[in-house]
Amino acid sequence: MLIALIARDKPGALQTRLDNRDAHVAYLKSTGVVSQAGPLLDDAEQMIGSLVILDVENMQAAQDWAKNDPYVKAGLFASAELVPWKKVI
């Protein structure tokens with residue numbers, strides 16, 4: 001099951017993102033369930049959020065994955081949503 005994690009950073013939280021980026025990327029690589037991932041950008045190409053496509057068994061697995069993300073643990077996100085996603089192309 002593919003699930004998109006769509007998250008927006010808290011305003012002014014770029015330093016929190018940068019401080020936790022290495023741990024976040026290591027987590028993405030180590031879990032074996034990330035299909036695609038990358039930051040959302042504003043008009044100035046500054047990181048303002050995240051898009052992560054998870055390939056997991058079910059929504060509970062996605063929720064469990066998300067709660068262990070170092071960005072979540074650091075309190076980076078103002079909002080985060082897990083949405084089932086269907087790859088077409």
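This report covers the sheet, helices, cores and selected residues of a predicted model.

## Annotated span

The UniProt record, an unreviewed entry, places the feature "domain: YCII-related" at residues 1-86. The end C-alpha atoms of this span lie 8 Å apart. Helix accounts for 36% of the span and strand for 38%.

## The sheet

Four strands build an open sheet. Their order is β2-β3-β1-β4, and the pairing is antiparallel. β2 (34-41) and β4 stand at the edges. Each has a single partner strand, so one side of each lacks a neighbour in the sheet. On average, neighbouring strands are turned by 15° against each other, direction ignored.

Seven bridges join β2 and β3 in the antiparallel sense. At one position, Leu-40 has Gly-49 of β3 as its bridge partner.

## Helices on the sheet

α1 lies across β1, β2, β3 and β4. It runs at about 15° to β3. α2 also packs on the sheet and touches β1, β2, β3 and β4. The direction of α2 makes about 155° with that of β4.

## Nonpolar cores

In soluble globular proteins, nonpolar side chains tend to be buried together. Here, the largest nonpolar core has 10 residues in all. They are Ile-3, Leu-5, Tyr-27, Leu-28, Val-52, Leu-54, Val-56, Ala-62, Trp-65 and Ala-66. β1, α1, β3 (47-55) and α2 (59-67) each supply at least two residues of this core. α2 gives the largest share, three residues. Apart from this core lies another, of five residues, including Ala-7, Tyr-71, Leu-76 and Phe-77.

Tyr-27 is a member of the largest core. Leaving aside neighbours within four places in sequence, Tyr-27 is in contact with Asp-64, Trp-65, Asn-68, Asp-69 and Pro-70. Of these partners, Trp-65 is also listed in the largest core.

## Two residues in detail

Gly-12 sits in the loop between β1 (2-9) and α1 (14-31). Its relative accessibility is 83%, so Gly-12 counts as exposed. Gly-12 and Ile-48 are 36 residues apart in sequence, yet their C-alpha atoms are 9.1 Å apart in space.

Val-83 belongs to strand β4 (residues 77-84). Val-83 has a relative accessible area of 27%, so it is partly exposed; the buried class requires under 20%. Leaving aside neighbours within four places in sequence, Val-83 is in contact with Leu-2, Ile-3 and Ala-4. One of these, Ile-3, is part of the largest core. Val-83 and Val-72 are 11 residues apart in sequence and 17 Å apart in space, C-alpha to C-alpha.

Definitions and conventions
Residues are numbered from 1 along each chain as its sequence is written. This is a predicted model: local features need pLDDT of at least 70, side-chain atom pairs count only at pLDDT 80 or more; totals for chains, interfaces and linings use all residues. Side-chain values use heavy atoms; hydrogens and water are left out. Buried means under 20% relative accessible area, exposed over 50%, partly exposed in between (1.4 Å probe, protein chains only). Contact means heavy atoms within 4.5 Å. A nonpolar core is a set of buried Ala, Val, Leu, Ile, Met, Phe, Trp, Tyr and Cys residues joined through side-chain atoms within 4.5 Å. UniProt positions are given in the numbering used here, feature names are shortened, and annotations may be inferred rather than shown by experiment. Two strands pair if DSSP finds at least two bridges between them. Axes are lines fitted to C-alpha atoms, for helices over the stretch in contact, and angles run from 0 to 180 degrees between N-to-C directions.
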